[in-house]
Amino acid sequence: MPRRRHVYRYAAVILYLTELIAASELLSSSSSEGSSSLSGGIIPAQAVLGRPSVGDCGDKPTGPIDATSCDYETVESINNELYDSLHHLLQLPFFKYLQIDLYRGCPFWEDDATCTESTCSIVNVAESEIPEEWRTKTLSKVDPVGGLYHQLDGCYYRDSDFCFLEDPQLGEYYDLTTIPERYTGYTGSSPHQIWQAIYEENCFTPRDSTLKEDEEKCLEEKVYNKIISGLHASISTHICLDNLNQTTGEWGPDIQCYIARVASHPERLEYIYFNTVLLLRAVSRMTPYLKQYDYFHGISQTEIGEAKRSLERVVDIAQHVGKFDESQMFNGLNANSLREDFKAHFRNVSRIMDCIECDQCRLWGKVQTAGLATAMKILFELDENVFNFVPSSSSETVIQRSELAALFNTLNRFSESIQAATQFTAMARPADVKSSKYSYGIRGDSAEKISNAGTEPSESSDADSPFR
C-alpha cells in the first residue's frame with residue numbers, strides 16, 4: 001500500500017480535497033443519478049467564466065506563472081501553433097503506437113469491479129502493423145530488461161526513472177490517435193479511491209516540526225503538488241470537453257461539468273499552464289538528443305518534410321517558452337533524500353494508475369504519468385552532457401522511444417486543455433462563439449457542437465467522478 005496518513009501534513013492537500021467535495025455538492029443539490037437541470041444549484045456560466053480571477057485580471061490568469069520564468073500570455077500566444085504542430089506529429093507511427101500492459105493488476109488493493117460501460121473499452125493493434133524496429137522481439141535484443149534495471153512483477157525501473165516502466169515483453173500495442181480522452185461513464189467509489197491515494201502521495205519526509213506549514217513546504221513539494229493537480233485538472237477538462245449528453249445521445253462540451261471541476265477553482269487552470277511550461281522545458285533541454293531518432297519510418301518524402309517542419313516548430317516553441325529553471329530544484333543538505341522522496345512518490349502514482357478499472361481511463365492515466373515522469377527525469381536527474389549525443393551510442397540507453405512518445409502525447413494533452421479553456425470561455429459569451437470556431441482550433445463538427453451548446457448542461461454532468 002502507498003503510505004497513508006490519518007492527518008495530512010500539508011494544507012494544500014486538505015484544501016484540494018475539500019474543493020472536490022464542495023464541487024460535488026454543488027451539482028448534487030440539483031441532480032439525480034448524475035443528471036442536472038437549469039433550476040436550483042447550477043452555477044451560471046458567466047458568473048464563473050466571465051468573472052475576474054487571479055489579480056483581478058479577467059476570466060483567465062495573467063502575469064507570471066508561479067515557479068517559472070514564463071507568463072500566461074506567452075503560453076496563450078503560442079498555443080494554437082503548438083497544438084497544430086503536435087497534432088501533425090502525433091499522426092506519425094513513432095508517436096502514435098505505444099505498447100502498454102493494461103492488465104498487470106493493482107498492487108495496492110483488490111480489484112472488485114470493472115467499468116461495464118462500452119465507452120470504457122478500447123481496441124489494441126496487431127503487432128504486424130507496428131514497424132519492425134519497434135516490435136518486442138527487436139527491442140528486447142538491443143534494450144533487454146536487466147542489468148541496471150530493478151524489475152518488479154510486470155514492470156521495472158532504473159534509478160533515474162520517476163515512474164515504473166512497461167515491461168517490453170508484455171502488453172499490447174495501441175494506436176493513441178484512435179482512443180480519445182473523454183467521458184466514459186466510469187464513476188462510483190473507484191475513481192475517488194484512485195485520486196485519494198494519489199493525493200496522499202503528497203506527504204513528503206517530515207522536517208523541522210517547529211516550522212509552520214507554509215514555511216515547511218519547499219519548492220520541490222510545491223512543484224510536485226502543481227504537477228499532480230495540473231494532471232488532475234487536465235484530465236477533468238478533457239472529460240468535460242468531450243462529454244456524453246445522456247438525453248440526446250450526442251457528444252460535445254459540457255460547460256457545467258467544466259465549471260464544477262475546473263473553472264470555479266482558478267488555481268487548477270494555472271497548474272495546467274505550469275505543466276505545459278515544464279513539459280516544454282524538458283523538450284528544450286533534450287533538443288540535441290531529439291535529432292537522433294528515426295521519426296519518419298514508413299512515410300512519404302512529402303510527409304517527411306511536413307513532419308520535420310512540425311518538429312522544428314515544437315522545438316522552437318519549447319526553447320522560447322519552456323522557461324523553468326531546474327537548477328533551483330534539489331539543492332541544500334537534504335537534496336539527495338528529497339530527490340529520492342520525489343521519485344518514490346511519483347513512481348507510486350504511476351502504479352496507482354494500474355488500479356483504474358476503466359481501460360480507456362487507465363491507458364491515458366498511464367501515458368500521461370509516463371510523459372510527466374520522462375520530463376522530470378530529463379530535468380531533475382540527467383546531466384546536460386547526457387544529451388550531447390555520441391553517434392556510436394544507442395539513443396535507447398537514456399530516453400526510450402516509448403518515453404519520448406509519452407512525453408509528446410502528454411504535452412499535447414495539456415495544449416488541448418488550454419484550448420478547451422478558451423472554448424469554454426467562448427461558450428459563456430454566445431456573441432463570441434462564432435468568431436472563436438477557428439481562432440482556437442475548433443474544426444468541423446466540434447465547432448458546430450460548441451456553437452449549439454450554449455450554457456445548458458448535459459445530464460452527464462457529475463463532479464463526483466474524477467476519471468469519468
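**Why is it called that? Questions about a predicted model**

Colleague: Histidine 232 lies in helix α8. What makes a stretch a helix here, and where does the number come from?

Modeller: Helices are DSSP runs of H or I with at least four residues, strands are runs of E with at least two, and both are numbered from the N terminus. Helix α8 covers residues 219–241, and serine 229 is found in α8 too. Before we go on: this is a predicted model, with local features needing pLDDT of at least 70 and side-chain atom pairs pLDDT 80 or more, while totals for chains, interfaces and linings use all residues. Residues are numbered from 1 along each chain as its sequence is written, and side-chain values use heavy atoms, with hydrogens and water left out.

Colleague: Why does histidine 232 count as buried?

Modeller: Buried means under 20% relative accessible area, exposed means over 50%, and partly exposed is in between (1.4 Å probe, protein chains only). Histidine 232 has 3% relative accessibility, so it counts as buried. Serine 229, with 6%, is buried as well. Both are listed by UniProt, in an unreviewed entry, under "binding site", along with Arg182, Thr184, Trp195 and Arg261. Keep in mind that UniProt positions are in the numbering used here, feature names are shortened, and annotations may be inferred rather than shown by experiment.

Colleague: Which residues does UniProt place under "active site"?

Modeller: Cys358 and Cys361, again from an unreviewed entry. Cysteine 358 is in the loop between α13 (335–352) and α14 (359–380), while cysteine 361 lies in helix α14. Cysteine 358 has a relative accessible area of 0%, so it is buried. Cysteine 361 has 8%, so it is buried too.

Colleague: What about alanine 67: what makes it partly exposed?

Modeller: Its relative accessibility is 29%, so alanine 67 counts as partly exposed. Alanine 67 sits in the loop between α2 (45–49) and α3, and has a positive phi of about 70° although it is not a glycine. Phenylalanine 330 also has a positive phi without being glycine, near 55°. Phenylalanine 330 has a relative accessible area of 4%, so that residue is buried.

Colleague: How do you know that the span of helix α10 agrees with its length?

Modeller: The expected span is 1.5 Å times one less than the number of residues. For the 20 residues of α10 (266–285) that should give 28 Å, and the end C-alpha atoms are 29 Å apart, so the two agree. As for cover, 18 of the 20 residues in α10 are buried.

Colleague: The whole structure has 20 aromatic pairs. Why is the pair of tyrosine 72 and tyrosine 273 called edge-to-face?

Modeller: Rings of Phe, Tyr and Trp (its six-membered ring) pair if their centres lie within 6.5 Å; planes under 30 degrees apart are stacked, over 60 edge-to-face, and the rest tilted. These two tyrosines are 5.2 Å centre to centre with 75° between the planes, so they make an edge-to-face pair. Tyrosine 72 is in helix α3 (residues 72–89) and tyrosine 273 in α10, 201 residues apart.

Colleague: And what makes phenylalanine 95 and phenylalanine 408 a tilted pair?

Modeller: Their centres are 5.0 Å apart and the planes meet at 40°, so the pair is neither stacked nor edge-to-face. Phenylalanine 95 lies in helix α4 (residues 93–96) and phenylalanine 408 in helix α15 (residues 401–427), so the pair ties together parts 313 residues apart in sequence. Both rings belong to a cluster with Phe94, Tyr289, Tyr293, Tyr295 and Phe296.

Colleague: How do you know that arginine 104 and aspartate 354 form a salt bridge?

Modeller: A salt bridge is a side-chain nitrogen of Lys or Arg within 4 Å of a carboxyl oxygen of Asp or Glu. Here the closest N and O atoms are 2.7 Å apart, so the pair of arginine 104 and aspartate 354 qualifies. Arginine 104 is in the loop between β3 (97–100) and α5 (136–142), and aspartate 354 in the loop between α13 and α14, 250 residues apart. Arginine 104 has 12% relative accessibility, so it counts as buried; aspartate 354, at 4%, is buried as well.

Colleague: Which other salt bridge does aspartate 354 make?

Modeller: One with lysine 366, also 2.7 Å from N to O. Lysine 366 is in helix α14, so this pair ties together parts 12 residues apart in sequence.
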